[in-house]
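Hello,

Here is the structure I promised to pass on to you. Please have a look at it first, and then read my notes underneath.

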Amino acid sequence: MSLPGPMRNKGVAGFRVRLFAVMMVIVATLTTLGLYLAQRRVAADAERNLQQIFQSELASLHKLEELRHAALADRCDVLAAKPRIHAAIEDDALDLLYPSAKDELRDLMESEEPPPERPAQWLHARFYRFLDSRGRVIQPPNPRDVGELDPKSEEQLALRSLPETRQIGYLLENGGAIDELIAVPIFSTETGDIISALVVGFKPLELADKRTGMKSGIWVNGRLHLPSLSQSAQASLNKRISNAVAGGEREENNFRLQLEGAPHLVFYKRLNPQSLFPPAYEICVYPLAPWTAQLRRLQWQIASAGALLLLGGFFASHLAAVRLSAPVKKLALDSEENREKRERAEAALASTARELERSARYSADASHQLKSPVTVLRVGLESLLARDDFQPEVYEQLSALLQQTRRLTGVIDDLLLLSRMDAGHLKIESASVNLSEIVDEWLDDLSALPDSPEVAIEKQLPPALFVAGEKRYTSLIIQNLLENARKYNRPGGRIRLRARAAGSEVVLCIGNTGRAIPCGENVFERFHHSATPSAVSGHGIGLNLARELARLHGGDIRLVCSENDWTEFEVRLPAANGAAPAA
Amino acid sequence: MRRAGSLWTSISLLPGVLLAGTVVEGRVELPPSHSPPVQAKRYEIVTRGGVLSTQPPLAVVYLDGNFPRPASLPVKQVVQKNLAFIPALLPVQVGTKVEFPNLDDTYHNIFSYSPAKRFDLGRYRPDERPVPAVVFDKPGLVTLRCDIHEHMRGLILVLNTPYFAMTDTAGRFRLEGLPAGRYTLKAWIDSKTTREKPVQLRSNQTLHVDFP
């Protein structure tokens, strides 16, 4: 029997759907992961790339500045060596300082005609001023000669004290122009003391990167100079940078910012670390649009790759499902067959159990039903036997009938006991029972039996051998075996009883002479009768009952041997705890 | 240098010998002599912490007061020899004309940015005639420099009085032919240090004054 076809197909389809769903989840996860990693990578690449550009730009800028600084430092050394400069400073003739320096610094100032080369232009200053011994600006007598500055801007050239080393600063003039300031100390050639400082203002060098659409500017002391950005963008950028600079001690960092509706990456780096001038930062704004476009392109590529993978996965999963479902189909069929078999077996088992129970109940009922009439019959026969007005041969017949009735009672008792055991109603009240005593009692009874043949009894039993069991049933086992031994003996034969303790068991062997039990006969079978005709009568349940009882006690009975005029049974019963003395 | 020393000694002692009469003499406690490096031996004027002084230390002792200026004063000279001013320190009375002859085989450009006298003689060679000269018409200390030789320094101490004398390197001085009366005797030690003592001078007496 198997499931109907449509149901089986449904199961396979379900399996396929599940397989496909799992594949889809895996592909979707991989695609998402790929997209995420690509995005991160592109972002990191962009950042690193721009950072490199920024650094290299700054580095080239610094090189040019070094050139400028070196040239300026040389000039200052020359200046410091000038007797007139010394004279002006030392002899308190500051009004003569600028005229004295004028000739010396003439070529430092921008010339009227355009410079022939760019580097030369970078070396031209917009203005210069001297600082006095307290760092204040010495007013020039004629500002036109030294580069004009509005008074407020001029004030910003002052320093707290004369610098010992070169100081870099930036000046954002009111007009919006920005100047790079270099303050160089002037040392006395005689004493080595710093007697003054020269502050020179240059046009700041500009970063020249044209590839990335970068915009650069300078942030000085809360003000941003980045004229290529719109006013609002400048304001928001200025706020961001002011916060960044004020918040952390970092001299260099970068962040993302939305400027003029597009994402930008902003780098900033302190231009004048540890300067006496106010802090100034180089600001570079790189548009991220090209990188975003590249990212979008990459995202499309990965997404379409994912889609292709999914499509491929769909077909692959379809194929795999068909492949895999074949054994599954077979498995389903097999399992159906198995289930049917199992169900059949279970049904049979149940019916057997029911039948068994019924038969057990039946035999119990039957035994009970039989017992009463037999008792009536026996009582009747006994009362008849008690009369004395019958012919003697009547007594003999009555006596034979009574004998048969007694036997019937025994059979019924045995059957009742067996049926109770079969139904599982018999419970053993386990106690310590002296086996030797029981054997002795039954040997006494045996010799008293009227029709017993002349047999010799050999007994090898310890005086006290205790088993765990109920005395009634233990006694019944011994009785059955002894009766058999007597019953199937030959005249002039013998019965041998031996018992010993073996570990947790007690072993009792009962052997008798007489015809052997033919090979292949199961003497323990219920209602067993020997195939060979015998003079001896038996109802065929004694051995069976004895074995069932022994097993109920946790022991057993087996036929040890039956040949050459000798049959021997062995009874094993559990020894009573601690009560059994060593044999 | 010895020659130069004897020259200015004779110049400063000359009026004393002629006038004689009232004399003040004594000793100025000079600052310890810094033994200068060998290379700088010829530098007569040194700057230490913005203070100019002679090396070895010398002082100018003079009688402060208002004295009538004579109609003509002798012309003095500060020569440039071996890239140095000789004498390194020259005290003169206000109105004195000082010539600056160049005795080296090179150009010199003597100038001063000092408030007492600003001048610039420009570059000139030894054969420059007339010898470039400057009249010092304001009292005060004038620092002489050469625009070409940055190490060259000279001092001219322009005084209101005709009564002055230079000490020797031990600080001893002698002023002769002084007028009687109450005056202040001053000792110029360096550009930032001038000591003074009131003196009562009597005719033809010799007064001993020490500047500790």
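Below is what I found, going from a sheet in chain A to the strands and prolines of chain B. Please keep in mind that this is a predicted model.

**The sheet in chain A**

Let me start with an open sheet of five strands in chain A, in the order β12-β14-β15-β17-β16 and with mixed pairing. The edges are taken by β12 (456–460) and β16 of chain A; each has a single partner strand, so one side of each is left without a neighbour in the sheet. On average, and with direction ignored, neighbouring strands here are turned by 15° against each other.

Inside that order, β14 (residues 494–502) and β15 (residues 505–513) of chain A form an antiparallel pair over eight bridges. If you want a place to find your bearings, look at Arg500(A), which stands opposite Val507(A) in β15(A).

Which helices go with this sheet? One is α11 (residues 471–487) of chain A, which lies across β14, β15 and β17 of chain A and runs at about 20° to β15(A). Another is α12 (residues 542–552) of chain A, which packs on the sheet and touches β16 and β17 of chain A. The direction of α12 makes about 135° with that of β16(A).

**Two positive phi values in chain A**

You may also like to check two loop residues. Asn564(A) is in the loop between β16 (556–563) and β17 (566–574) of chain A, so this one takes us back to strands of the sheet above. Its phi is positive, about 50°, although Asn564(A) is not a glycine. Is Asn564(A) buried or exposed? Asn564(A) counts as exposed, because it has 8 C-beta neighbours inside 10 Å, and the limit for that class is 12 or fewer.

Gln274(A) is the other one: a residue other than glycine with a positive phi, near 55°. Gln274(A) sits in the loop between β9 (262–270) and β10 (280–287) of chain A. With 10 C-beta neighbours inside 10 Å, Gln274(A) counts as exposed too.

**Chain B**

Now to chain B, whose secondary structure comes to one helix and 19 strands. Of its 212 residues, 36% are buried. Among the contacts in chain B with a separation of 6 or more, 64% are between residues 24 or more positions apart.

A strand I enjoyed looking at is β9 (residues 96–99) of chain B. In a regular strand the side chains alternate between the two faces of the sheet. Along β9(B), Thr96(B) and Val98(B) point to one face and are buried, while Lys97(B) and Glu99(B) point to the other and are not.

What does β9(B) pair with? Strand β5 (residues 76–77) of chain B pairs with β9(B) in the parallel sense over two bridges, and Lys76(B) stands opposite Val98(B). β9(B) and β12(B) run antiparallel and are joined by four bridges; there, the bridge partner of Glu99(B) is Ala133(B) in β12(B).

Finally, the prolines. The peptide bond from Arg129(B) to Pro130(B) is cis, with omega near -5°, and Pro130(B) is in the loop between β11 (117–124) and β12 (133–136) of chain B. The bond from Ile86(B) to Pro87(B) is cis as well, also with omega near -5°. Pro87(B) has its place in the loop between β7 (85–86) and β8 (89–93) of chain B.

Do write back with anything you would like to go through together.

Best wishes

How values were computed: Residues numbered from 1 in each chain as written. Chains lettered and ligands numbered in written order. Predicted model: local features only at pLDDT ≥ 70, side-chain atom pairs only at ≥ 80, totals over all residues. Buried ≥ 20, exposed ≤ 12 C-beta atoms within 10 Å, placed from the backbone. Contact = placed C-beta atoms within 7 Å. Pairing = 2+ DSSP bridges. Axes fitted to C-alpha atoms, helices over the stretch in contact; angles between N-to-C directions.
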